[in-house]
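Biologist: I would like a close look at a single part of this model. Please take me through one hairpin and the core around it, then show me a few other places for contrast.

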Amino acid sequence: MQLRSSARTTFRARAAAAGVVALAALAPGPGEAQEPPTRVRPDSARALPPVTITGTRTRESVLDVPLAVTVVGTERLRTVSGYGLNDALTTVPGVLAQSRYGSSDVRIVIRGFGARGAGDRSNAGTSRGIRVLLDGFPETEPDGRTAFDQIDLATAEGVEVIRSNASSVWGNAAGGVIAISSVPVVDRALFSAGSVIGGFGLQRHGLRMGTKIGAGTFFASYVNTRFDGWRESSEGRRDLINMGVVSPLGERTELGVFAVATHSAFEIPGPLTMAQVEADPRQANATYKSRRERRDNRLGRLGVSLEHRIGDRHELSGLVYVNPKYLKRSERGTFRDFNRYHLGGSALYRNFASLGETMKSTFLVGTDGAYQDGAILFYSLTPQGTRGGTLQANRREGARNLGVFAQEELGLGERVTLTAGARYDDITYYNKNNITPAVNAQKSFTRVTPKLGVVYRLSPTHSLYANAGGGVEAPAGNETDPASTFGQDTVTALNPLLDPIRSTTYEVGTKQLVARGDGFFRALSYDVALYTTDVRNEIVPYRGGRFYFTAGKVRRSGAELGLTMQGSHGLSLQTAFTYSRNRYVDYVVDSVHYGRPGQSASYADNRVVGIPDFFYGATVAYAPAVLRGLSLQLAAQGTDAYFADDANTVRVPGYGTLGATLAMERPLELGGGLGLRGFVTVNNLADRRYVASAFLNPDVVNGVPVAFEPGLPRHVVASLSLGWVR
């Protein structure tokens, strides 16, 4: 849903078209039946329609944005099982996405932000530090947590990933932004029905459709997923409905109505010791298994967006939404009922102006507001892991997030663009205990985050950029729980030791498309980014996430390379490499929490927990004409070792895995406008044992850390879909 501005120079129009090619996923793959993409030629690149990105709120070509941005296209999304969001992110540089045990419970880290989102308790099934949007509506809650219950790649049309800190326009928990669109391009009626069958009881069945309604578009999808799990107590299931209407109201106004609802449930097998991983990686943690640790979430959202253009220079847009939630979970030896409502909205004004023959201005100012509140009831847990009859706690948890931001972008001629902006955020937590009101507490965090950026165009297909800016991330709701040591959790409901994470990032990078008609490659695009981030008050989990402290200062520096190439004879390549250095600069720990009163330890110069220094993803595809539309793909991904504890004594081994796919690049036409698509993938081709994720600063039982979550062995995933060819 976009309203195009007419204030674009010829140079930018050519550049936007080139940006499409630079970010297109060149490795073909199956989806709903459609015609194969047009091959890139130098004389056709400028004729392609311009594509803008929405995750930056600027609706610009990727080459015009002074940030590191990656777009994952539909072709990539239709060649994976799509149960977890990690399937879309394996070839995005700077992004570490780990499926913890094969379900939708995914750990996502972008340049170190979100690294602490590993563990159990309220961490299960959620992430930290990363803002996630679905059709422009936030999946991220006001306190910065994001659950993935309403995210399913089977409903997605594309994914934008902003790897740079975006707090200056999005506020809290925007160390990176993942924006997912489910709105299809419908030039005529579309329909597809497909199934995915895989190892360990994976079954996913889905329906997708879209049609024109006058000048507007109606779309809907339904996905049913069942997963028996590889490890004991790792079963998952989800039913999801996603639908919407996008329609113009006159020539200058566009209305969108979106609805999504899901029932998502999954069991949590928990961490193991390394000896248990080596002896039997399929086993569950005995404590988790006895308590049937699990989540059972029912939630939905109804949202309305409106965009109106006033002449050629002014645009107004806004959205409102309501997101009710009913959540059940077995956690920490209690059964918990959550009844929550999350509501919010935003308003944005854009102004496009010419300040002379060579200077163009794009100014935007906006505000966001979100509020979440609700009751939490803690019950006793029966030996069977069900809700007991004793009410142990009756609490109310609320969070409010208000923000105001402004940004000015100046185009100086056809080559230079300057961007400056800032945002003010006010985040407040409320915690009320209806049984023990003496611990009631309220806490607020405020922060101004600025941003400066510059883009220099070397050519219509090549740009250099640099940016400097701040970031803010308040502790999430469960992270404000006080430590139980010395009975602190009976004194106040909110941890008095936590402050917001404050960060400052400096970044430089380049993006380029090289298109040729012959030779070894026909088209090549790449983006390179170098960054350094100074972080104060880094939030670190202790005892596997039971409570949280802050590290005084952390420095993260890194280099990222994303490369996509389309070669001759049907050969294509897509790669992502990330090298980073993440170290504690100032971090002193009072070890009283480990039973040694009066002692402390300095972790300065230690590696930050949960972040490998190097990780990669790469896909090679071969689709020669002789295969008549079939594509052979080989995918590799892996990380080096990292540490699971601040003391750097618990080492998580690195790993590398391979996968192979045979996919139908073009639909097999059956007549009557119907086409058949499919793929078969073998994951972990070498059947390698590896640790997929780990709890940070884990529990230590009898001197042995209980930290490791083993990854899936070799397994096969097959997909077949029937749809109208378009």
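**The hairpin and its surroundings**

Modeller: Strands β2 and β3 form a hairpin, with 6 residues between them. Gly102 sits in the turn and has a positive phi of about 95°. Keep in mind that this is a predicted model.

The two strands run antiparallel, and 5 bridges join them. One pair to find is Gln98, which stands opposite Arg107 in β3.

Now look at how β2 is covered. Of its 5 residues, 5 are buried. Both faces are covered. Val95, Ala97 and Ser99 lie on one side, while Leu96 and Gln98 lie on the other.

Next comes the core. The largest nonpolar core has 24 residues. Those that touch the most other members are Leu85, Leu89, Ile108, Val159, Ile178 and Ile180. Five elements are listed as giving two or more residues to this core: β2 (95-99), β3 (106-110), β5 (131-134), β8 (158-162) and β9 (177-181). Strand β3 gives the most, with 3 residues.

Take Leu89 as a way in. Leave aside its neighbours within four places in sequence. Leu89 is then in contact with Val95, Ala97, Ile108, Val161 and Ile178. Apart from this core lies another, of 22 residues. Among them are Ile539, Tyr603, Val609 and Ile611.

Thr575 offers another buried site. Its place is in strand β26, residues 571-586. Thr575 counts as buried because its relative accessible area is 7%, under the 20% cut-off. Beyond its neighbours within four places in sequence, Thr575 is in contact with Thr91, Leu561, Gly562, Leu563, Gly617 and Ala618.

Glu254 is found in strand β14, residues 253-267. Its relative accessible area is 14%, so Glu254 is buried. Glu254 and Ser305 are 51 residues apart in sequence. In space, they are 8.3 Å apart, C-alpha to C-alpha.

Now turn to the surface. A nonpolar patch there is formed by Val245, Val257, Leu302, Val304, Val320, Val322, Tyr341 and Leu343. Together they have about 580 Å² of accessible area. The elements giving two or more residues to the patch are β15 (294-310), β16 (314-331) and β17 (334-354). Leu302 lies in strand β15. Leu302 counts as partly exposed because its relative accessibility is 46%, between the 20% and 50% cut-offs.

Set the places side by side. In β2, both faces are covered. In the patch, nonpolar residues lie on the surface.

Definitions and conventions. Residues are numbered from 1 along each chain as its sequence is written. This is a predicted model: local features need pLDDT of at least 70, side-chain atom pairs count only at pLDDT 80 or more; totals for chains, interfaces and linings use all residues. Side-chain values use heavy atoms; hydrogens and water are left out. Helices (H or I, at least four residues) and strands (E, at least two) are DSSP runs, numbered from the N terminus. Buried means under 20% relative accessible area, exposed over 50%, partly exposed in between (1.4 Å probe, protein chains only). A nonpolar core is a set of buried Ala, Val, Leu, Ile, Met, Phe, Trp, Tyr and Cys residues joined through side-chain atoms within 4.5 Å. Contact means heavy atoms within 4.5 Å. Patches are made of residues with over 30% relative accessible area and no salt bridge: like charges are joined within 9 Å, nonpolar side chains (Val, Leu, Ile, Met, Phe, Trp, Tyr) within 5 Å. Accessible areas come from the Shrake-Rupley method with a 1.4 Å probe; for residues, only the protein chains shown count as cover. A salt bridge is a side-chain nitrogen of Lys or Arg within 4 Å of a carboxyl oxygen of Asp or Glu. Two strands pair if DSSP finds at least two bridges between them.
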